[in-house]
Each structure stands twice: as structure tokens, then as C-alpha cells.
Amino acid sequence: MVNEKGSPNNFLDPSTGAKQTLRRKAEERLQKQSPAPKSETPEETGRLLHELQVHQIELEMQNEELRRAQEDLETTRDRYFDLYDLAPVGYLTISEKGMILEANLTAAQMLGSDRSRLAGQPLSRFIFQDDQDTYYLNLKQLFRNQVPLTFELRMHRGDGRPFWVQIKTRIAPNSEGAPVWRVTLSDITERKRVEEDLLQSKNQLRILASQILLAQEKERKQIALEVHDVLGSSLSAIKFKAEEALYHLPKDGTLNISKPLEALVPLITETIEAARRIQADLRPSLLDDLGIVATLSWFCRKFEMIYTGIKVDQAVTIQEEEVPDHLKIILFRIVQEALNNIGKHSKADSGFLGLRKVNNTIELCIRDNGEGFDPESMPSGGNSEKGLGLSSMKERIEFSGGTFSLQSAKGKGTDILAVWPG
Ligand SMILES: Nc1ncnc2c1ncn2[C@@H]1O[C@H](COP(=O)(O)OP(=O)(O)OP(=O)(O)O)[C@@H](O)[C@H]1O
Ligand SMILES: [Mg+2]
């Protein structure tokens, strides 16, 4: 039905002039098709009028249908605008040769360009110079494998400032069947910034942890020296003097102190032994005097003497001069902690210590056949309840440039492997 009051649809609501033209044209066409009959009976005129009225209603109904279809079309177009143009990610359709064919508004905004000016431009124009290789390598992969691909790189707006995007792309046929790529662009600059910050804090933490461990080693060495030089030599002097006093005591028993003096000597000897143990635990002097190979062998012997039920097989095939100096104390600390753990926790009856140079790497391996444990249940940073041994072991290995791996399972023993480039 023609809306007299006006409708958004021009062809359904022509202006009066246009209506008159349409009317004139319709009359001319009618004239050509069936010139007006010369004379008509009143019945025929009545029938014609009826026909015309039915026809008019038919037209009104068709018009109504058209208007509804038009409204549906507009709703669909609005939804399309919402979904495509105002989507939170950029959409691009790219030709096989890499030219932008279509872009939604978000993509145009991201690339800082007018949508109409984007069409026909190569996408590579917007890829940051340093990431062009990443872009071409991924495209090559996309066309070779024909499977959807996700990658990250930096693009730039007109002003040249880079921003990070995640690109998801796949190949699909366009309406004519030619292959095009459908691309979504998500701005991930903020995520990248947070990742960067996180990495920096992790590195700072690592540097701090390594400085703490180095300071701890320095302190231990200092205390070990003090124990040796001050305590050790004083105790030896005391023992010497006690033995001398005992020697010079009158043998007739007139002085009643020979018994307590005799008991004093083994006590002093025990204390000297204890001081030696403390000194060795703090820093074995053997390490500085004879090196890591001899120290590991000594430590295994000492371990077997304490934990008599555990036999440790050794396969230390590396030569002393193949071990860099800074790594020696680290190797010792790891073996010390790993063997102590075997003694304390594993209930094993056999252990293995291997240190070798292989393919330009230094490989340290400590194994046991004990009851094992679930490494997943260990907090990654270590905590005071569970102990610090394993986490500081990992820390020591990583800050000295190595990689650490631990395998353990209930009933399957524990296997520690540390590898350094060497
Ligand atoms: N070889 C092993 N066999 C069985 N369980 C082990 C072994 N090594 C470590 N564990 C388990 O892992 C836990 C953590 O070991 P970690 O060395 O970190 O701490 P800890 O030995 O308990 O204490 P700390 O080393 O600080 O004196 C241990 O408590 C133990 O449950
Ligand atoms: Mg431990």
C-alpha cells in the first residue's frame, strides 16, 4: 500500500510529481496493451470495477509484504553492522596476493586508516619492519598446510608506532570460489606489556636469589675458615695442654685430678672431630685442595659410612680440568643435598652418582631406587614446611646456566639430572 504520509522507502512512497508520472506511464502502457473498449454494458462495467478492486487489494497486500521484507533487511543489516563492523576484534579479508579486500571498522581503527583507503593495500604495509619475516614465514605455513593458524607479531598504525596483535587466519573461498584469507586481529599490547613486566621481575628475582646463594657460599667459606683457624687450633692447643698436664701429674696419686683430666682428653678429641665435621659441612677444604672429583668420592664414602644400608655407585668420568671453577661448589652442593635427601627420605638401598662430559655438556645425575614421591605436590618456590633443598638445588643449577629436571614417582625412585653447556 502506498503510504500517503510518507515512508522511509521512496519507491513505495513516490512524491506527487513522481506519482503523476508513474500514472501517466501506466495509462500509456494500458493504452498500448488494450485500447479502451468503445462501449460497455453496465454488467461489464460492474465486473471490471470488481476486478479492479480485487487487484488493488492484491497490490496493497504485496506492498505490505515488501515493506516487511524491507524492515527485516534493515534489522539484518543493523545486526551485521553490530557483529561485523563493531566487533571487538578486527576482521580482514585478504586476497591470495596479500591485498586487503575488506576490513571492518575495528580493523580500520586499529590500522589507523580510513576503511575505504585500506582496500587494495598490501597487508604487509602495516607489519612492523622487524616482524616481516615472522609474517611471511607464517603465510608460507598457512598456504602449505592449509590449516588455520595463530601467531603474534607487531603491526603499526600510520604514525609508525608498533602495537602487538594476535593474528588468527584461515583460507576460505570467496563468493566466486577464489581462495582468500579471513583474518582476525586482536590487540594484545597490554598482555605483552604485562608478560614483559613479569619476565623482568622473574629475572630480577633470579638475580637476587643467585646473589643470596653466592653470599651464602662466601659466608660459609668464611665461617669454615674461622672454625678451622680459631676453634680447631685452640682446641688442639687445649688438648695438647691437657695431655701435658696429665703427663706431669705426680704418679703417686697425691693430686686428685688425674681422673677428670683423663676424661677431658677424649672429650676434647670429640669436640675437635665435631668442629671438623661442621667445617666440612660448611665447605669441604678438600674441594679447594684437591678438586671436585676427589671431593665427590670422599663425600660418597662418608655418606655410605653414615647410611650403612645404602650403596652408592659412582661413575665420575669427567676430568678435573674439564669442570669450570665456578661450577665446582655448585656441583658439590647439589650432590650434598641430593644424597642427604636419599638418606633422609628415600628408604633406598642403592643410589647412583654420575658426572660426565658428553657432547659439549656437563651432565650430573643422581638416582636412587627408593620409594619416590610426587613432585607435583611440591610447591614450586619451596616452603618452610617441606624444606628448601630441592628448590635451592634448582635455583643453583639455573642461575649457573644449567637445566634441571627431576623425575620421581611413588615406588619408582627418584632421578635428578642437571645439564650445563660446557
Ligand atoms: N630422594 C628422595 N626420595 C624420596 N622423597 C624425596 C627425595 N628427595 C626429596 N624427597 C621429598 O621431597 C621433599 C622436599 O625435599 P627438600 O630437599 O626440598 O626438603 P627437605 O629435605 O624435606 O628439607 P631440607 O632439604 O630443607 O632440609 C622431602 O621432604 C621429601 O618428601
Ligand atoms: Mg632436602
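Does Gln 146 count as buried, partly exposed or exposed, and how many C-beta neighbours does Gln 146 have inside 10 Å? In this predicted model, Gln 146 has 11 C-beta neighbours inside 10 Å and therefore counts as exposed. The cut-off for an exposed residue is 12 or fewer. Gln 146 is located in the loop that joins helix 5 (132–145) to strand 3 (149–156). Its backbone is also notable in one respect: the phi of Gln 146 is positive, at about 55 degrees, although Gln 146 is not a glycine. Most residues other than glycine have a negative phi.A positive phi is also found at Lys 347, a residue other than glycine, where the value is near 60 degrees. Lys 347 sits in the loop between helix 10 and strand 7. With 14 C-beta neighbours inside 10 Å, Lys 347 counts as partly exposed.

The largest nonpolar core of the model contains 27 residues. Those with the most contacts inside this core are Leu 296, Leu 331, Ile 334, Val 335, Ala 338, Leu 364 and Ile 366. At least two residues of the core come from each of helix 9 (292–306), helix 10 (325–346), strand 7 (350–358), strand 8 (361–368), helix 11 (389–399) and strand 10 (414–421). Helix 10 gives the most, with nine residues. When neighbours within four places in sequence are left aside, Ala 338 is in contact with Ile 366 and Ile 416. A second core, separate from this one, has 19 residues, among them Leu 92, Tyr 135, Val 165 and Ile 167.

The packing of the helices was examined next. The axes of helix 9 and helix 10 come within 11 Å and cross at roughly 15 degrees. Angles under 35 degrees count as roughly parallel, and helix 9 and helix 10 are therefore roughly parallel to each other. Helix 9 passes helix 10 in a right-handed crossing. On the side of helix 9, the contact is made by Ile 292, Thr 295, Leu 296, Phe 299, Phe 303 and Ile 306. On the side of helix 10, the residues are Lys 328, Leu 331, Phe 332, Val 335, Gln 336, Leu 339 and Gly 343. By class, this contact of helix 9 with helix 10 has nine nonpolar, three polar and one charged residues. Leu 296, Leu 331 and Val 335 take part in this contact and are also listed among the residues with the most contacts inside the largest core.

Helix 10 also packs against helix 11, at an angle of about 155 degrees and with the axes 10 Å apart. Angles over 145 degrees count as roughly antiparallel, and helix 10 and helix 11 are therefore roughly antiparallel to each other. The crossing in which helix 10 passes helix 11 is left-handed. Ile 330, Arg 333, Ile 334, Glu 337 and Asn 341 in helix 10 meet Gly 389, Met 393, Arg 396 and Ile 397 in helix 11. Four nonpolar, two polar and three charged residues make up the contact of helix 10 with helix 11.

Helix 11 has a further contact, with helix 6 (residues 189–248); the axes of helix 6 and helix 11 come within 10 Å and cross at roughly 105 degrees. Angles of 65 to 115 degrees count as roughly perpendicular, and helix 6 and helix 11 are therefore roughly perpendicular to each other. Arg 206, Ala 209, Ser 210 and Leu 213 in helix 6 meet Ser 392, Glu 395, Arg 396 and Phe 399 in helix 11. The residues of this contact divide into three nonpolar, two polar and three charged. Arg 396 of helix 11 thus appears in the contact with helix 10 and in the contact with helix 6.

Lys 394 is found in helix 11 as well. With 21 other C-beta atoms within 10 Å, Lys 394 is buried, the cut-off being 20 or more. Lys 394 and Leu 199 are 195 residues apart along the chain, and their C-alpha atoms are separated by 18 Å.

Gln 314 lies in strand 6 (residues 311–316). Gln 314 has 15 C-beta neighbours inside 10 Å and counts as partly exposed. Apart from its neighbours within four places in sequence, Gln 314 is in contact with Ser 297, Cys 300 and Leu 353. Gln 314 and Leu 185 are 129 residues apart in sequence, and the distance between them in space, C-alpha to C-alpha, is 57 Å.

Definitions and conventions: Residues numbered from 1 in each chain as written. Chains lettered and ligands numbered in written order. Predicted model: local features only at pLDDT ≥ 70, side-chain atom pairs only at ≥ 80, totals over all residues. Core = buried A, V, L, I, M, F, W, Y, C linked by C-beta atoms within 7 Å. Helix = DSSP H or I, 4+ residues; strand = E, 2+ residues; numbered from the N terminus. Contact = placed C-beta atoms within 7 Å. Axes fitted to C-alpha atoms, helices over the stretch in contact; angles between N-to-C directions. Left-handed = near helix turned anticlockwise from the far one by under 90°. Nonpolar A, V, L, I, M, F, W, Y, C, P; charged D, E, K, R; others polar.
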